[in-house]
Amino acid sequence: MAYRITNEEVLNISDDIDMTAFFKSAPSLNPNRGLIKGSICGVKLVEIEDPMMKEIRLLDKLVDELAKGKAIKKILRK
(Lines give C-alpha, C1' and ligand atoms only; values in the text may rest on other atoms or scores of the structure.)
Protein backbone atom coordinates (compact mmCIF):
# COMPACT_ATOMS: atom_id res chain seq x y z
CA MET A 1 0.00 0.00 0.00
CA ALA A 2 1.49 3.29 -1.06
CA TYR A 3 1.09 6.55 0.76
CA ARG A 4 0.29 9.60 -1.30
CA ILE A 5 0.61 13.17 -0.08
CA THR A 6 -0.66 16.43 -1.43
CA ASN A 7 1.52 19.48 -1.94
CA GLU A 8 -0.04 21.02 1.18
CA GLU A 9 1.22 18.11 3.27
CA VAL A 10 4.84 18.28 2.16
CA LEU A 11 7.10 19.63 4.88
CA ASN A 12 9.28 22.48 3.77
CA ILE A 13 12.90 21.43 4.29
CA SER A 14 13.58 24.83 5.85
CA ASP A 15 10.81 24.36 8.45
CA ASP A 16 12.16 24.15 11.97
CA ILE A 17 10.61 20.87 13.08
CA ASP A 18 11.74 18.45 15.77
CA MET A 19 11.19 14.69 15.76
CA THR A 20 8.19 14.86 18.08
CA ALA A 21 6.42 17.27 15.73
CA PHE A 22 7.49 15.18 12.74
CA PHE A 23 5.86 12.01 14.12
CA LYS A 24 2.78 13.89 15.39
CA SER A 25 2.22 15.40 11.95
CA ALA A 26 2.42 12.01 10.22
CA PRO A 27 -1.04 11.06 8.92
CA SER A 28 -0.60 7.49 10.16
CA LEU A 29 2.22 5.20 11.18
CA ASN A 30 2.43 1.69 9.81
CA PRO A 31 0.86 -0.65 12.38
CA ASN A 32 3.47 -3.31 11.49
CA ARG A 33 6.43 -1.08 12.44
CA GLY A 34 6.67 -2.86 15.79
CA LEU A 35 7.56 -6.05 13.90
CA ILE A 36 10.86 -4.56 12.75
CA LYS A 37 13.59 -6.46 14.58
CA GLY A 38 17.32 -6.14 15.01
CA SER A 39 19.60 -3.37 16.17
CA ILE A 40 20.57 0.06 14.96
CA CYS A 41 23.73 1.85 16.03
CA GLY A 42 24.47 -1.06 18.35
CA VAL A 43 21.17 -0.74 20.21
CA LYS A 44 18.63 -3.57 20.05
CA LEU A 45 15.22 -2.22 19.10
CA VAL A 46 13.43 -4.38 21.68
CA GLU A 47 15.51 -2.82 24.48
CA ILE A 48 14.52 0.78 23.74
CA GLU A 49 12.13 2.01 26.43
CA ASP A 50 11.56 5.66 25.48
CA PRO A 51 8.62 5.70 23.01
CA MET A 52 9.95 8.62 20.95
CA MET A 53 13.46 7.16 20.72
CA LYS A 54 11.92 3.85 19.66
CA GLU A 55 9.99 5.57 16.82
CA ILE A 56 13.17 7.36 15.71
CA ARG A 57 15.22 4.14 15.73
CA LEU A 58 12.49 2.19 13.90
CA LEU A 59 12.52 4.82 11.16
CA ASP A 60 16.32 4.73 11.12
CA LYS A 61 16.31 0.94 10.80
CA LEU A 62 13.71 1.06 8.04
CA VAL A 63 15.78 3.55 6.04
CA ASP A 64 18.95 1.49 6.57
CA GLU A 65 17.31 -1.72 5.37
CA LEU A 66 15.73 -0.03 2.35
CA ALA A 67 19.09 1.49 1.44
CA LYS A 68 20.57 -2.02 1.47
CA GLY A 69 17.93 -3.09 -1.05
CA LYS A 70 15.75 -5.12 1.28
CA ALA A 71 12.06 -5.27 0.34
CA ILE A 72 9.67 -3.32 2.58
CA LYS A 73 7.49 -6.41 2.95
CA LYS A 74 10.44 -8.32 4.39
CA ILE A 75 11.37 -5.52 6.76
CA LEU A 76 7.79 -5.22 8.06
CA ARG A 77 7.48 -9.03 8.10
CA LYS A 78 4.38 -9.17 5.92
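**Exercise 1. Decide whether Glu65 and Lys61 are buried or exposed, and describe how their side chains meet.**

Solution. In this predicted model, Glu65 is buried, and Lys61 is buried as well. The next step is to look at the side chains of the two residues, which meet in a salt bridge with an N to O distance of 3.2 Å. Their places in the sequence come next: Glu65 and Lys61 are four residues apart in helix H2, and therefore about one helical turn separates them. Finally, the pair belongs to a network of salt bridges that links Lys61, Glu65, Lys68 and Lys70.

**Exercise 2. Find how far apart Arg57 and Asp60 are in helix H2, and classify the accessibility of each.**

Solution. Begin with the contact itself, a salt bridge between Arg57 and Asp60 whose closest N and O atoms are 3.6 Å apart. Both residues lie in helix H2 and are three residues apart, so the separation is about one helical turn. For the accessibility, recall that a residue counts as buried under 20% relative accessible area and as exposed over 50%, with partly exposed in between. Arg57 has 21% relative accessibility and is therefore partly exposed, and Asp60, at 26%, is partly exposed too.

**Exercise 3. Which parts of the chain are linked by the salt bridge between Glu55 and Arg33?**

Solution. The closest N and O atoms of Glu55 and Arg33 are 3.0 Å apart in this salt bridge. Glu55 sits in helix H2, which covers residues 51-67, while Arg33 sits in the loop between helix H1 (19-25) and strand S1 (39-40), so that the pair, 22 residues apart, links distant parts of the chain. A second step compares each partner with the cut-offs: Glu55 has a relative accessible area of 18% and is therefore buried, whereas Arg33, at 25% relative accessibility, counts as partly exposed. To place these pairs in a wider setting, note that a search of the whole structure finds five salt bridges.

**Exercise 4. Name the residues of the nonpolar surface patch, and state which elements give two or more residues to the patch.**

Solution. The patch has an area of about 370 Å² and is made by Ile17, Met19, Phe22, Leu59 and Val63. The elements that give two or more residues to this patch are H1 and H2. As one example, take Leu59, which lies in helix H2. Leu59 has 31% relative accessibility and therefore counts as partly exposed; a patch residue needs over 30% relative accessible area.

**Exercise 5. List the residues of the largest nonpolar core, and find what Leu76 touches.**

Solution. The largest nonpolar core has eight residues, namely Ile36, Ile40, Leu45, Ile48, Leu58, Leu62, Ile75 and Leu76. In soluble globular proteins, nonpolar side chains tend to be buried together. If residues up to four places away in sequence are not counted, Leu76 touches Asn30, Asn32, Arg33, Leu35 and Ile36.

**Exercise 6. Describe the chain as a whole through its elements, its buried share and its contacts.**

Solution. Start with the elements: the chain has three helices and two strands, and along the sequence they follow the pattern α-β-β-α-α. Of the 78 residues in the chain, 15% are buried. The area that the chain exposes is about 6300 Å², and carbon and sulfur atoms supply 55% of this area. The last step concerns contacts with a separation of 6 or more, of which 46% join residues 24 or more positions apart.

Methods. Residues are numbered from 1 along each chain as its sequence is written. This is a predicted model: local features need pLDDT of at least 70, side-chain atom pairs count only at pLDDT 80 or more; totals for chains, interfaces and linings use all residues. Side-chain values use heavy atoms; hydrogens and water are left out. A salt bridge is a side-chain nitrogen of Lys or Arg within 4 Å of a carboxyl oxygen of Asp or Glu. Buried means under 20% relative accessible area, exposed over 50%, partly exposed in between (1.4 Å probe, protein chains only). Patches are made of residues with over 30% relative accessible area and no salt bridge: like charges are joined within 9 Å, nonpolar side chains (Val, Leu, Ile, Met, Phe, Trp, Tyr) within 5 Å. Accessible areas come from the Shrake-Rupley method with a 1.4 Å probe; for residues, only the protein chains shown count as cover. Contact means heavy atoms within 4.5 Å. A nonpolar core is a set of buried Ala, Val, Leu, Ile, Met, Phe, Trp, Tyr and Cys residues joined through side-chain atoms within 4.5 Å.
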